Structures are given as structure tokens and as C-alpha cells.
Amino acid sequence: MRTTTVVVGAGHCGLAISRCLSQSSIDHVVLERHEVANAWRRERWDSLRLLTPNWQCRLPGHAYDGEDPDGFMSATQVADFITGYAKMIAAPVMTGTTVTSVRGTGDGYVVSTDHGEWRCATVVLASGAFNVPRVPALAADVPPEVTRLTPMEYHNPSELDDGAVMVVGASATGVQIAAEILRSGREVILAVGEHVRGPRLYRGKDIHWWMEAAGVLDERYDEVDDIVRARRVPSMQLAGSDERASFDLNALTGAGVKLVGRLAGISDGRAQFSGSLRNKCELADLKLGRLLDTIDEWALSSEEVNGSTPPPHRFEPTVVDSDPPLSLDLRGGAIKTIVWATGFRPDYSWLDVPVLDAKGMIRHDGGVVESPGMYLIGTPFLRRRKSSFMDGGRVDAEELTRELRSYLDRRASRSL
């Protein structure tokens, strides 16, 4: 089978670029190993909601038009939104088709699947950046009587054993799961490393409204000093809720969560924590202050909001115990469960093209991969700070389609 472009993955980014390819009259197929929006249906915990407001759910030629623009979709609603989009644009998706290999031929690519091969000139990798949970090697030293779960295995507190829970990781996933488990009546210990603090609301508006309006989310990858570092920055401590509540560490400790430092090791059944908790929290507070400074500076220059919103203010510093524990016995039976909210990584085990770096990440320049005719979409800060959000995938898809079309034009001119 032949086509011009094969898109691997039918999440929102794969569908966004499919729409753009169709508008450019570029024939293509979208290969999906499960169903459209599978991750949102099968790989999320029950109560998860989108971190971004509904009004920010925008894809090429389509946007949220429901009755709750300031609300936050549930995982099922997100899946329905994406599935509806696939039908609306008549995306050429082949579901239940697992890609087993992508290899170069010197004149394009061969994409092998469990339903045959596709030969194509270009490939778009839209398989996602969050395929496999990152579980630290020290997890092997956890005593066997302690249950260990990743966010893909955790569904709700009712499935947990009675007893205390340690959540490792304090980014968006960690703080949401910690808060939910605490509400179930269990003691929760949260191991905190590097994190990004963020309020849900600031000066009467959602923090994402401010970051979009002030241009923060549109900052480009070629405008930052260290893009490698920027792509590793943890997700902001946000959650979608009807109350538009903040989920920073002060909110959690105020509710009863106990903070410890980064989990540094496990020896003889004892968890050992870094002594840098206070420093990590002070750094997060400092970065939050810088973000709010950027927002306030923009607001001051904007006739639209200057004087029409509450005045600038700052949040209380993160409260940290004067002497947080540096170790915890995991053998005594108090800790029944550990949840590894330590991030995710992509799975490129099927990619047989030499474009991976030493850490297994694809080498690319704003989504243009270091292999002619190959493109990447749907990873953090791919082309701009909002690339990992739905709206970011929309803009990235439009730009990458132009890059792909230009490549095809150059390829055609060489063959004349």
C-alpha cells in the first residue's frame, strides 16, 4: 500500500495534522493501534479532568462550543470531543492497527503494521509523549508488602488498601492524586522534588487566560536559552474542578497532606528523602513571582484589562516544616501503597530510524526530525510553550504541515 504521508497515532495531534494535510490535498492515512483517543478512555484515573479550560479546546476547524466554556472536561468528555472531531473531518483513520516498525528506504519510509506495510514519502510521529510511566530504579527496593502503582494503574481510592499512601512526585498528576486520596480518609505523604507552582485563578481570571493573553503560552522554542531544559520542566500544579480550586502545596498541607523531600533512595526498607525540600519550594515560589510579574506588566499595558480586573497581588510562600523527616520506614505496615507520579516517557521501540538521542528522545528542530521527511508532534514545548496542550497541537499542526508540504515540493522539483 502506498500513500504520501503516514501519521502514527490518532490522538488530538494526529487528527489535527490529518485535517491540515487534507486541506493541503496531501493524501495520507492515520494509523492507531487501539481506538481514537484511546489514552483518554483507557489510561486515565476516574476523576481526571482537563487542566485547561474548555474554551481553550481548539483544533483546526473546530472548537468547544458548549455551555460551560470556563469548566473543565472529564477524561470521557475529552475522548468524546476528540472522537467527534475525527468524524467531523472524516479523518482516514485505521484503528486496531499496530505499527511494528518505521524504517527508511533512501527514498522515503516503510511503515510496517500488523495489517501490512505502507510505503510513503513522509511520516508524522504523533504517538504521544506520555506512553510509559517513568518509574525510578529505586522502586525495585520497595518492600514487597507495599503495593506500587503508576497513574495508569491507579483509578480511584476505593481500590487501595487501607492505610497510608505515599505519592512520589508533586507535579499536576501527583498533587491531584494526593488530594483525592486524602479526601478518602487516608493519610498521605507527598515526596516533593522540582515542581512548578501555579494558582488556578489570578486577579479574577484563570491562569491560562492570563498566560495566553500575555503571550506566555506562545513563547517559541527558538526564543528560550535552553530548550532541552525547558522541555523537561514539570507540569504546573493545576487541576480542573468546579470550584476552580488551587492545588499548590499550601492547599494540600492545609488539607492535611504531609510533605517530605524528593525520594532519593531506599535502603533496608527505609525511604530516604533529600534535604532540599525548602530550597525546591523557594525556587517554585520565585518562578511563580516571575510569571505573575510578566502577567502584571502585560496587563498594565493592555487597555482591555488595565483597571478592569482586581489589582496585582502575591501568594503566601510555600509553608515547609522546619524539620521535615529525612527517612521513613516502609516495613512497619503504616505505608500500604506508593503511587509513582514521577512522569512519563514516549515509546519509540518501533522506530527503526537513527534519530534517538542517548535518553531515547527524538532529535528534532521544532518538530522537524533529523531524518528527511519525518516530523514529530505532540511533545512538550515542541514549537511553543503550549505545544502539549490541545490548542498548542492545533498551531503546531498548521506549521508542520507547511514544513511537510515544502519538503514534498522540494522533493518533486529534484525529480524533474
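Two strands pair if DSSP finds at least two bridges between them. Strands (E, at least two residues) and helices (H or I, at least four) are DSSP runs, numbered from the N terminus. The model is predicted: local features need pLDDT of at least 70, side-chain atom pairs count only at pLDDT 80 or more, and totals for chains, interfaces and linings use all residues. Residues are numbered from 1 along each chain as its sequence is written, and side-chain values use heavy atoms, with hydrogens and water left out.

**Exercise 1.** Find the bridge partner of A271 in β19 and describe the sheet.

Solution.
1. The bridge partner of A271 in β19 is L328.
2. Strand β18 (residues 270-273) pairs with β19 in the antiparallel sense, over 3 bridges.
3. The open sheet has 3 strands in the order β17-β18-β19, with antiparallel pairing.
4. β17 (263-267) and β19 (327-329) each have a single partner strand, so each edge strand has one side without a neighbour in the sheet.

**Exercise 2.** Characterise the aromatic pairs that W298 forms with W209 and with W210.

Solution.
1. A pair of aromatic rings is described by the distance of the centres and the angle of the planes.
2. Rings of Phe, Tyr and Trp (its six-membered ring) pair if their centres lie within 6.5 Å; planes under 30 degrees apart count as stacked, over 60 as edge-to-face and the rest as tilted.
3. A search of the whole structure gives 7 aromatic pairs.
4. For W209 and W298 the centres are 6.3 Å apart with 70° between the planes, an edge-to-face pair.
5. W209 is in helix α5 (residues 207-213) and W298 in helix α8 (residues 277-301), 89 residues apart.
6. For W210 and W298 the values are 6.4 Å and 80°, so this pair is edge-to-face.
7. W210 lies in α5 and W298 in α8, so the pair ties together parts 88 residues apart in sequence.
8. Y202, W209, W210, W298 and F315 form one aromatic cluster.

**Exercise 3.** Are W209 and W210 buried or partly exposed?

Solution.
1. Buried means under 20% relative accessible area, exposed over 50%, and partly exposed in between (1.4 Å probe, protein chains only).
2. W209 has a relative accessible area of 21% and is partly exposed.
3. W210, at 0% relative accessibility, counts as buried.

**Exercise 4.** Which ring does K205 lie over, and which ring does the charged end of R44 sit over?

Solution.
1. A charge sits over a ring if NZ of Lys or CZ of Arg is within 6 Å of the ring centre and within 35 degrees of the ring normal.
2. K205 lies over the face of W209, 4.5 Å from the ring centre.
3. The charged end of R44 sits over the ring of W40, 4.7 Å from its centre.
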